Each structure stands twice: as structure tokens, then as C-alpha cells.
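Q: Could you take me through a close look at one part of this model, starting from a single residue and working outwards to the elements around it? I am new to this structure, so please go step by step.

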Amino acid sequence: MEYAYEANLQPKAIYEVKKSLPLTRDAEKSLVNLYQPIIGADALALYFCLLQDFEDTQENYTHLELLNALDMGLSALKAAKKRLEGIGLLKTYYREQPEVRFLYVLMEPLTPQDFLADELMSFLLVVKVGQNKFRQLNRRFKPESVNTAGYQDVTTKFGSVYSFSQNEYQANQPVIEAVVKKAPQDVAQLPLAENQLNWTLLRDLATKKFINPTQITDTLKDSLTLYHEMFGYDELQLTNLMAEAVSLTDGTIDVRKLKNVVYKQSQDLLPEKKAVVLNYDSDTQLRRKNTLLAQGFTEADWYRILDSEALAPMEYLVKLKAAKGGYVTKNEEWLLTDLVQKSPLPTSVINILLNYLLVTQNKAQLPQALTNQIANDWSQNKINTPEAAIKYVQTTVKEKQVAKEQRQKNGGRVQNIVKKEDVPDWSKKQSTSDPSRKAEIDKMMREYFNDEEGEK
């Protein structure tokens, strides 16, 4: 269904906007000061434009009106919409009958206090704005405590002013309960898929580590889900990490300490992390391999695909940098966390992107702008498998090479006025890339996997 709705999101398609309640002043401050550095200016403009549509009396709009109001193209609109959805500010619904129609439900942003108290939101923000700006925002939105020293509390009590009869209360109780039990206002939440982990198993393991099971709240679940998706930690490994941040006196977990432990250990990747067994010779994999080879993929492509599916992005990056004799920098760690959190790309495709930049392009480290540029391009072109990513790179390189040769063939002034930057850097074959060095790195990566299988 994802492909159907994406294909039908065209300028002529109709949409309507809903929101539980008008935007509050605190929520507006959150959007501008806290969400905007994370989601970007285009996504913020889209939110406010949709909010204006909600507040108008007109119910139905075409996406062409939205594009004109925002002065952006369709691909930019789709990218901005996904950023709102990914951070929980927008829910999108779609139907085809009796006509193609989209329903956009705007979610209320977290208040500044709730936003900064949320571990994941705070982490996303500090990555974008830096620690100094992050501390400044914390000071700005920190609630002020009122100093009442030297004063006596002489406030009038409720009961001395207001009274009501028990009979009147009982007579109106059904009406009151009907209002009180209404669903709360829709508030933005990160749409993480918590069903990726076995929470029953995790609670049982936590109990054996003297962790109070009640500590595994919805907020902690979000954090553990992110650590699982980002670093590939399973239930046992997450329990071991929590055990390093638990108080043995009462079984409570220090969430801040847990986060520090996770990101510190992710640099070296826990030595006790369970190795992934790569079964290259199963019947299913052999059929898949033969199909890919028939489509023009090489043996090296095949093993690169399997490797990309075996490891979480951070583990893959660490091994890749180690194979080159380097190490993962803090900026690369933040960049990869941001990429996994925001982009719709599968982790295997992200790994192919890492391999492309660090091995094929022979970059010393991940360039932030270029990495995001390629990730956005692959997302918009629905690159959702590692083989599709490899094929897309090969096709793009070939097209650019043909265009370059054609320009050279034409010669004259036409060739002289062609700008170099018209060809994206990531789609060029760099002459500085050493094929023998690339083969050496691929071989070292293979040895990492073989060593892990031997340990099993």
C-alpha cells in the first residue's frame, strides 16, 4: 500500500486536514525553537500551512494549492511530510474510493518542558544544535521556582468558598463522566515499532539482573527500541546494558546513565555481542544468488549484499572503519543515529550507503551533507533493498558517464559551458579510488564475518 499511496500523491489529489484542538502557545514555541532544528524549515512550513488549512472554513484542498502556497516541488513536499510523520507531528491516512483522497491529522507538539524531558527528543536536538545551544534552550524553558521564603501562605481554601449538594452531584455524574472519559488530545510521539523486541523475555531477564520490571515503562521502551534498531542490541544485550545503570538498592534505572553506557560501548561494540551466522549456502540464498548473478550482479556484489543484511549500521560502520585502519568519530556516530532515526531506508540499504562512501568513494570519514543527500535521493526513489541500491548506483554512474562522453564528443563551446557541479559527486566514479585497495578492504570485511562464525 505504501507504493500505491506514494504514486497517487499528485498535485490534483484531494486532501483534508484535521486536528483535535487549536495549537497552543507553548506548542508553537516548541515547534519553532525545538522541533525546527530537527525537522528543517520545509517541514515546519508544511506544518503551519496545514494548520492554516485546518483553521479555514474550506474542507477540501488539492495538493497543487499546497505546493503553490509553500513554493516547493512535489519531491520536496513528500520529504517534508515524511519528516513530520517520522517525528510524530503528522499522521497520514489514504483512500482510493470513491476518489483518491488524503487525510492529514496534525498532532499537538510536546510542550517545551515535556520535549526536553524526553530522552530521544533531547538527543536528536543536541545532535543538531550542539551542546552550548542545547544548554541555552534548557535554561530558556526551565520552569522558574517561586521563592516564598519569609512569606506565610494565606490562600483561601476551596471548601470555604465553594459548596454543592451530594444529590446534585449524583444527578449530574453521568454527564460529567462522559466528558471526563473522552480521549485525550493527540500529542506527538515518535512512531517507533516496539514489537521488534520480546518484552516478556526482556522483563524476565531484567528480573534476574535485579532490575525492577516496573522500570520498563513506555518511555524506556522507546529508548530500548531505538538502541535495538540503531546498534542491533538484542534482549539479552539490552538487559546487560541496563544492569550497568541499575541501583541495586531499589532496582531503579538511571536513564541518563543507561544512555551514556549505550553510546560509550557502541564505540567498541560489546565483545560479547552475539555473532550473526551468515548461511550463504541455504537453498533460499542459493536461488537468490543465482537470480542476482543472472541479472548481472557479480560475486563481490552478492557477498556485499549478504554482509549488509547481517549487521546493524553502527556495527557495520565500526568494522568497515577498522578494515580501513580508522575509527568511528563522534560526528559519524551522531550522523548515523540521525540517519537511522529519520530516513525510511532499511538498515541493509544504509549499510550499502556506508560501503559506497567509505570503500567505493574511498572517503576517510562520512561527509554529513553528502550522506544526507544520497539518503534523501534513495528514499525518494524507493530504494528498499541492498541489491536495488547497488543497481541504482551502477545505473546512475553509467548515465552520467554517457552524458559526459556525449558532451566531450560534441566539443566546442557547449562543452566549455557545462558546469562540473551538474553531475552529483556521489554518482561519479572517482579516479582516486584504488581497485586493489577496495578489494583488500572487502577481503578484510569477509575475514571479520568468518572469524565470528568460527567463534560460534
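**A loop residue and its surroundings**

A: Ile-383 has a relative accessible area of 8%, and because a residue counts as buried under 20%, Ile-383 is buried. The model in which this value was computed is a predicted one. Ile-383 belongs to the loop between H18 and H19. Once the neighbours within four places in sequence are set aside, the residues in contact with Ile-383 are Leu-345, Pro-346, Val-349, Trp-378, Ala-388, Ala-389 and Tyr-392. For one of these partners, Leu-345, the sequence separation from Ile-383 is 38 residues, while the two C-alpha atoms are 7.3 Å apart in space.

The loop that holds Ile-383 also holds Lys-382, since Lys-382 too is placed between H18 and helix H19, the latter covering residues 386–410. Lys-382 is not a glycine, yet its phi is positive, at about 60 degrees. Its relative accessibility is 27%, and Lys-382 therefore counts as partly exposed, whereas Ile-383 is buried.

Two of the partners of Ile-383, Val-349 and Trp-378, lead to a pair of helices, for Val-349 in H17 and Trp-378 in H18 both take part in the meeting of those two elements. Helix H17 covers residues 347–360 and helix H18 covers residues 368–380, and they pack with their axes 11 Å apart, at an angle of about 135 degrees. Angles that are neither under 35, nor over 145, nor from 65 to 115 degrees count as oblique, and H17 and H18 are therefore oblique to each other. Their crossing is right-handed. On the H17 side the residues that meet H18 are Val-349, Ile-352, Leu-353, Tyr-356 and Leu-357, and on the H18 side they are Leu-370, Thr-371, Ile-374, Ala-375 and Trp-378. Sorted by class, this contact contains nine nonpolar residues and one polar residue, with no charged residues.

The loop that connects H17 and H18 contains Asn-362. Asn-362 has a phi near 60 degrees, which is a positive value in a residue other than glycine. With a relative accessibility of 33%, Asn-362 counts as partly exposed.

Trp-378 also opens a view of the protein interior. The largest nonpolar core has 57 residues, and the members that touch the most others are Leu-224, Met-242, Leu-258 and Trp-378. H17 supplies the largest share of this core, namely nine residues. Met-242, beyond its neighbours within four places in sequence, is in contact with Leu-202, Ala-206, Ile-211, Leu-220, Leu-224, Ile-253 and Leu-258. There is also a second, separate core of 43 residues, and among its members are Tyr-47, Leu-70, Leu-77 and Leu-116.

Helix H18 offers another route through the chain, by way of Gln-380, which lies in that helix. Gln-380 has 35% relative accessibility and so counts as partly exposed. Apart from its neighbours within four places in sequence, Gln-380 is in contact with Ser-75 and Ala-79. Gln-380 and Ala-79 are 301 residues apart along the chain, yet their C-alpha atoms are separated by 7.5 Å.

A further helix pair lies in the earlier part of the sequence. Helix H3, residues 41–55, and helix H5, residues 74–86, have axes that come within 8 Å and cross at roughly 80 degrees, which makes H3 roughly perpendicular to H5. In this pair, Asp-42, Ala-43, Leu-46 and Tyr-47 in H3 meet Leu-77, Ala-80, Lys-81, Arg-83 and Leu-84 in H5. The residues of that contact divide into six nonpolar and three charged, with no polar ones.

To place these details in the whole, the protein chain has 21 helices and four strands. Of its 456 residues, 41% count as buried. Among the contacts between residues at least 6 apart in sequence, 74% join residues at least 24 apart.

How values were computed. Residues numbered from 1 in each chain as written. Predicted model: local features only at pLDDT ≥ 70, side-chain atom pairs only at ≥ 80, totals over all residues. Heavy atoms only, no water. Axes fitted to C-alpha atoms, helices over the stretch in contact; angles between N-to-C directions. Left-handed = near helix turned anticlockwise from the far one by under 90°. Contact = heavy atoms within 4.5 Å. Nonpolar A, V, L, I, M, F, W, Y, C, P; charged D, E, K, R; others polar. Core = buried A, V, L, I, M, F, W, Y, C linked by side-chain atoms within 4.5 Å. Buried < 20%, exposed > 50% of the residue type's maximum accessible area, 1.4 Å probe, protein only.
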